[in-house]
Structures are given as structure tokens and as C-alpha cells.
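Welcome! Take a moment to look over the sequence and the 3D picture, and then we will walk through them together.

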Amino acid sequence: MTNIYQVNKDIKQNIQCMNGLNFKLGRYYAEKDFDMVRETIADIENQLIQLKSDINWIENRDGVKELG
């Protein structure tokens with residue numbers, strides 16, 4: 001005959017283990033999301049640098065005054 005208290009204890013331990021795994025999995029995906037955000041910000045920064053360079057080139061080529 002199975003001891004109901006032992007079964008209950010085992011279930012609680014399994015739930016704690018699953019919660020821990022879900023937490024770790026959540027952190028993993030959150031870190032991946034942050035990595036994607038960092039990469040996107042870096043891409044935008046690079047595009048802004050290129051845009052500024054393009055604007056400067058056009059201003060120098062056309063003799064246009066600085067926009068701001």
C-alpha cells in the first residue's frame with residue numbers, strides 16, 4: 001500500500017522542480033530577448049551614423065548649411 005503522505009511529498013517536490021525549470025527557461029528566453037533588443041539598438045545606431053554621414057556628404061556636395 002502506498003503512503004499518501006509520501007505521494008503528496010513527491011508531488012510537491014516535482015512541482016518545485018518544474019517551477020525551477022520554468023523559471024530558468026523564462027530567464028533564458030528573457031536573456032535572448034534582451035540580446036535581440038541590444039542587436040536591434042546597435043543596428044539602429046549604425047544606421048543613424050550612416051545617415052549622418054550621408055547628410056554631411058550631401059551638405060558638403062551641395063554647399064547646404066547644416067540642418068541643426
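## A tour of one helix

Y28 has a relative accessible area of 43%, so this residue is partly exposed (buried means under 20%, exposed over 50%, and partly exposed in between, with a 1.4 Å probe and protein chains only). Before we go on, note that this is a predicted model, in which local features need pLDDT of at least 70 and side-chain atom pairs count only at pLDDT 80 or more, while totals for chains, interfaces and linings use all residues. Residues are numbered from 1 along each chain as its sequence is written, and side-chain values use heavy atoms, with hydrogens and water left out.

What does the protein have in the way of helices and strands? There is one helix and there are zero strands; both are DSSP runs numbered from the N terminus, helices being H or I with at least four residues and strands E with at least two. Helix 1 covers residues 4-62.

How much of the protein is buried? Buried residues make up 1% of its 68 residues. The accessible surface comes to about 6,800 Å², and 59% of that belongs to carbon and sulfur atoms; such areas come from the Shrake-Rupley method with a 1.4 Å probe, and for residues only the protein chains shown count as cover.

Now back to Y28. The structure holds one aromatic pair. The ring centres of Y28 and Y29 are 5.3 Å apart and the planes stand at 75°, so this pair is edge-to-face. For rings of Phe, Tyr and Trp (its six-membered ring), a pair needs centres within 6.5 Å; planes under 30 degrees apart count as stacked, over 60 as edge-to-face and the rest as tilted. Y29, with 49% relative accessibility, counts as partly exposed.

Next come the charged side chains. Side chains of opposite charge can pair when their charged atoms come close. How many salt bridges does a search of the whole structure find? The search finds two, where a salt bridge is a side-chain nitrogen of Lys or Arg within 4 Å of a carboxyl oxygen of Asp or Glu.

| Salt bridge | Closest N and O atoms | Spacing in helix 1 |
|---|---|---|
| E31 and R27 | 3.7 Å apart | four residues apart |
| R38 and D35 | 2.8 Å apart | three residues apart |

The spacing is about one turn of the helix for E31 and R27, and also about one turn for R38 and D35.

Are these charged residues buried or exposed? R38 counts as exposed at 53% relative accessibility, whereas its partner D35 is partly exposed at 33%. E31 is partly exposed with a relative accessible area of 43%, and R27 is partly exposed with 47%.
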